[in-house]
Amino acid sequence: MQEGIERERERESRWSSPASVLLCCVFLSESTINFSHSLIFARRRSVFPATMRLVLTGFLLLLLVSAPLFVGAQKAGSNSTRAWKTLTGSRPVVVGRGGFSGLLPDSSGVAYQLGQMLSSPDGVSWCDVQLAKDAVGLCVRDLNLANSTNIRSIFPKGAKTYDVNGVSMTGWFTVDYDSSVLTTNISLVQALYSRSSMFDLMYGILTVDVLPKLNVSHVWLNVEHDVFFTEHKLNMTAYILTISKNITVDYVSSPEVGFLRSIAPSFNGSKTKLILTFPDSASIDPSTKLSYNSYLKNLTFVKTFASGILVPKSYIWPTGADRYLLPHTSLVLDAHAAGLVVFASGFANDNALSYNYAYDPVAEYLSYLKSTDFSVDGVLSDFPVTAEVATDCFSKASNRSSVLEKPLVISFLGSSGIYAGCTDLAYQQAIYDGADILDCPVQMTKDGVPICLNTTDLVPSTTVSTSNFSSLLKTIPEIQQQGGVFTFDLTWEEIQTLRPVIESPYGFQGLFRNPRYANAGNFTTLQEFLAFTKNHPITGVLIDIQNAAYLAQNQGLDIVNSVIKALDSVGYNQTKQRVMIQSVDSAVLIKLKELTNYTLVYKVTSSISSILPSAIQEIKKFASAVSIRKESVFTLNNYFTSGLTSVVQNITSANLTAYVYDLRNEFTSVYSDFFSDPNTQAGAYLKTGLGGLSTGFPATAKAYLNNACYDLENAPLYKQIPVAGSLLSYLLSNPPPAPAPYASLTNVTQQALPPVMQRPPNTTVPSSAPPPQPPSSASGILSYSTIFYVHMLLLLSLLLQA
């Protein structure tokens with residue numbers, strides 16, 4: 001994403017040592033990238049003058065010699081700075097809202113227990129304090145109990161209408177009931193309807209004094225409506241002062257300055273910190289009638305009664321109307337200058353994040369915790385475990401990476417979560433994101449050109465439906481049941497007139513992928529793809545062959561030999577890079593085994609729970625690896641894992657390699673055990689013994705493999721990947737009945753490929769690599785120094801050939 005976080009930080013970097021040296025290195029790297037793009041296009045047009053080649057060659061040689069100085073200065077600078085740019089330099093604090101409210105009803109006992117269990121020793125538990133009619137404090141998410149409890153059904157006639165900060169509100173309120181009535185009759189429910197209701201009505205309302213009995217070691221009490229309670233003859237100030245003598249309270253927060261100033265003298269010299277909270281939008285403080293904007297402009301005044309501020313995350317990293325990030329504000333730096341700590345709120349893995357983060361919540365946390373200019377002092381999250389691992393694990397690289405043999409990260413249509421799949425931009429992004437293997441599903445055009453595209457049907461991934469070629473729509477039952485416009489009905493030249501379309505599998509849920517660049521990029525031929533990948537430092541390529549029998553018998557197209565010829569022409573039969581060829585058709589793999597020495601992968605498209613020994617023995621005759629769907633790895637119960645299938649064990653025990661394909665970042669695709677976090681998802685799959693995983697978000701998978709907690713021995717619980725089935729068994733003593741398991745894979749052999757039907761001679765296209773574009777990602781893995789070297793070396797080779 002070309003307006004991603006990293007670029008915003010670079011543009012705002014100050015020219016000071018060592019930051020100035022790093023910025024110079026970044027500038028030279030980006031300049032080199034731009035030179036390389038210009039050179040490749042110029043070579044295509046034969047307009048690059050010889051004198052310019054000489055000048056650029058000398059310039060690049062100078063850069064190659066001096067580059068280590070820049071890189072060394074960068075490393076020296078990073079070692080000389082403190083780990084965290086918080087106010088005190090200490091580790092940011094993670095605060096769990098209502099415990100672990102992203103998974104369980106907010107402020108329930110089990111939510112607090114699980115939040116504490118999956119947090120660091122310094123983790124803090126948040127309680128929204130509401131006062132009952134008898135002045136007892138309760139931990140309940142909202143002033144209106146109808147939002148997070150079943151009180152409507154228990155007291156159907158109990159609704160009241162009150163003025164709350166000048167706004168009329170109808171609902172059920174704590175001020176109308178004694179605490180004993182609420183704690184014994186009312187049950188909690190999930191406050192957000194988009195989250196699982198599986199644990200609704202299982203837990204009751206807690207009084208504040210119960211928190212220490214749940215082993216909650218650090219408590220944050222938030223008082224949202226002191227003015228409202230005062231109007232109902234309830235004294236919140238007295239309650240907070242009394243409860244703080246009975247339990248240890250680490251933080252007390254409120255959006256009402258009047259309340260904070262009233263309790264401030266009592267907490268002078270104590271360990272309890274007072275925090276001023278800010279609303280989501282600009283409004284007026286009901287206790288002072290002053291605007292919150294005026295407080296932001298006068299932070300020295302806030303410092304007279306509070307230790308810090310809690311602001312919505314958009315106050316720090318605002319987003320535009322299109323949900324892309326704008327440059328960060330100066331709020332954290334201004335608050336630190338005034339001596340105030342800064343907490344950011346609004347974090348939840350199942351929120352619709354800015355598109356810059358590619359649905360990766362860890363990437364979002366890191367932009368607040370490890371910005372070039374600042375670190376917030378803490379975050380308030382519905383999923384505290386993700387904030388904890390972002391802080392302790394993903395904020396720094398593993399120092400064991402050099403001695404560990406790590407699984408492969410395989411792209412799925414390139415970085416198809418960022419750009420339209422199988423376009424030049426998707427492949428370049430996958431390189432930037434650190435993918436080990438780049439994939440190309442091969443389709444054939446009418447004139448016999450093998451191209452990279454997810455399916456032979458052009459409808460899902462191109463603009464063909466709105467083109468003149470839409471009249472070619474037809475149904476081919478041998479390929480798919482729905483109608484389509486197929487690649488073998490258009491020439492390569494005709495396909496190039498179409499624009500790519502980024503596929504958003506969860507667009508129906510409002511989770512679109514990078515809409516600003518939905519039609520960006522260019523389609524590539526297999527020849528171009530191979531030429532491009534051969535010139536980059538990756539482990540290898542994965543070629544997926546589809547519909548070979550139909551193409552041979554009905555279209556006169558030999559896709560297998562087309563793939564072999566393309567690989568040979570680019571020199572992949574003589575390179576050290578790995579070539580993996582995948583197919584659902586055993587006949588294709590049998591033929592390839594006879595003709596090549598490439599690694600062959602059998603792809604299973606159905607969800608299965610096991611593979612029979614006879615099927616395994618058949619697979620071993622023509623393949624050395626098996627690629628399976630994500631649903632074939634875990635057994636499920638209500639979207640929680642209940643255990644492991646035997647599929648991965650069936651494969652690996654036969655000395656075959658197992659891969660899983662098409663893992664996605666969108667939180668609705670991530671099982672509940674993995675906390676709506678694709679990083680935890682990646683770890684859970686790799687923990688089963690897979691040799692690698694395929695994903696349209698390779699940056700996320702690569703970040704997991706490079707985090708400081710990867711394969712860490714004797715790690716605290718919050719740094720560990722959940723064991724399949726453990727969370728459901730912890731939360732429920734009697735889980736609901738599990739659904740029937742998937743079928744077993746029994747037969748894998750198919751008929752031999754038919755002879756290729758005779759057809760007129762194919763036209764061909766010249767071999768050329770796809771034009772590289774600037775890499776862009778909010779969570780890219782490769783360092784600028786790496787990109788810098790790669791592009792300079794590529795430029796030198798091009799110049800010498802020019």
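Leaving aside its neighbours within four places in sequence, which residues is Q443 in contact with? The first legend takes up that question, and the others visit further spots in this predicted model.

**Figure 1. Q443 and its surroundings in strand β14.** Beyond its neighbours within four places in sequence, Q443 is in contact with V449, P450, I451, L453, N454, T455, T456, T487, Q546 and N547. Q443 counts as buried because its relative accessibility is 1%. Two polar partners are worth finding in this view. The side chain of Q443 makes a polar contact of 2.9 Å with the side chain of Q546. A polar atom of the Q443 side chain also lies 3.4 Å from the backbone oxygen of N454.

**Figure 2. Helix α17, a mostly covered helix.** Spanning residues 526–534, α17 has 8 of its 9 residues buried. These are L526, Q527, E528, F529, L530, A531, F532 and T533. Look around the helix to find what covers these residues. Three helices pack against the buried residues of α17, namely α15 (424–432), α16 (492–495) and α19 (559–570). Strands β14 (437–444), β15 (450–452) and β16 (540–545) pack against them as well. Strand β14 may be familiar from the previous legend, as Q443 is placed there.

**Figure 3. N514, a residue with positive phi in the loop between α16 and α17.** Most residues other than glycine have a negative phi. N514 is not a glycine, yet its phi is positive, at about 35°. With a relative accessible area of 1%, N514 is buried.

**Figure 4. A135, another residue with positive phi that is not a glycine.** The phi of A135 is about 70°. This alanine sits in the loop that runs between β2 (124–131) and β3 (137–139). Is A135 buried or partly exposed? Its relative accessible area is 38%, so A135 counts as partly exposed.

**Figure 5. Helix α14 and the elements around it.** Helix α14 covers residues 384–394, and 11 of its 11 residues are buried. The buried residues include the charged side chains E388 and D392, along with P384, V385, T386, A387, V389, A390, T391, C393 and F394. Which elements pack against the buried residues of α14? Strands β1 (93–97) and β12 (378–381) do, and so do helices α4 (109–117), α13 (361–369), α23 and α24. The next two legends look at pairs of helices from this group.

**Figure 6. The crossing of α13 and α14.** The axes of these two helices come within 9 Å and cross at roughly 65°. The crossing of α13 and α14 is right-handed. On the α13 side, P361, V362, Y365, L366 and L369 make the contact, and on the α14 side T386, A387, A390, T391 and F394 do. Sorted by class, the contact of α13 with α14 has 8 nonpolar, 2 polar and no charged residues.

**Figure 7. The packing of α23 on α24.** Helix α23 (residues 678–686) and helix α24 (residues 698–706) pack with their axes 9 Å apart. How are α23 and α24 oriented to each other? The angle between them is about 65°, and they are therefore roughly perpendicular. Helix α23 passes α24 in a right-handed crossing. From α23, the residues P678, N679, A682, G683 and L686 meet T700, Y704 and L705 of α24. The contact of α23 with α24 has 5 nonpolar, 3 polar and no charged residues.

**Figure 8. S375 in the loop between α13 and β12.** Why does S375 count as buried? It does so because its relative accessibility is 2%, where buried means under 20%. Not counting residues up to four places away in sequence, S375 touches W84, K85, T86, V332, H336, Y368, L369 and K370. One of these, V332, is 43 residues from S375 in sequence, while their C-alpha atoms are 7.8 Å apart in space. The side chain of S375 also reaches two backbone atoms: the nitrogen of K85 at 3.0 Å and the oxygen of L369 at 2.5 Å.

**Figure 9. The protein chain as a whole, for orientation.** The close-ups above belong to a chain with 26 helices and 25 strands. Of its 802 residues, 58% are buried. Among contacts between residues at least 6 apart in sequence, 74% join residues at least 24 apart.

Key:
Residues are numbered from 1 along each chain as its sequence is written. This is a predicted model: local features need pLDDT of at least 70, side-chain atom pairs count only at pLDDT 80 or more; totals for chains, interfaces and linings use all residues. Side-chain values use heavy atoms; hydrogens and water are left out. Axes are lines fitted to C-alpha atoms, for helices over the stretch in contact, and angles run from 0 to 180 degrees between N-to-C directions. Helices (H or I, at least four residues) and strands (E, at least two) are DSSP runs, numbered from the N terminus. Angles under 35 degrees count as roughly parallel, over 145 as roughly antiparallel, 65 to 115 as roughly perpendicular and the rest as oblique. A crossing is left-handed if the near helix is turned anticlockwise from the far one by less than a right angle, and right-handed if clockwise. Contact means heavy atoms within 4.5 Å. Buried means under 20% relative accessible area, exposed over 50%, partly exposed in between (1.4 Å probe, protein chains only). A polar contact is a pair of N or O atoms within 3.5 Å; within protein, one must be able to donate a hydrogen and the other to accept it, and residues adjacent in sequence count only if both atoms are side-chain atoms.
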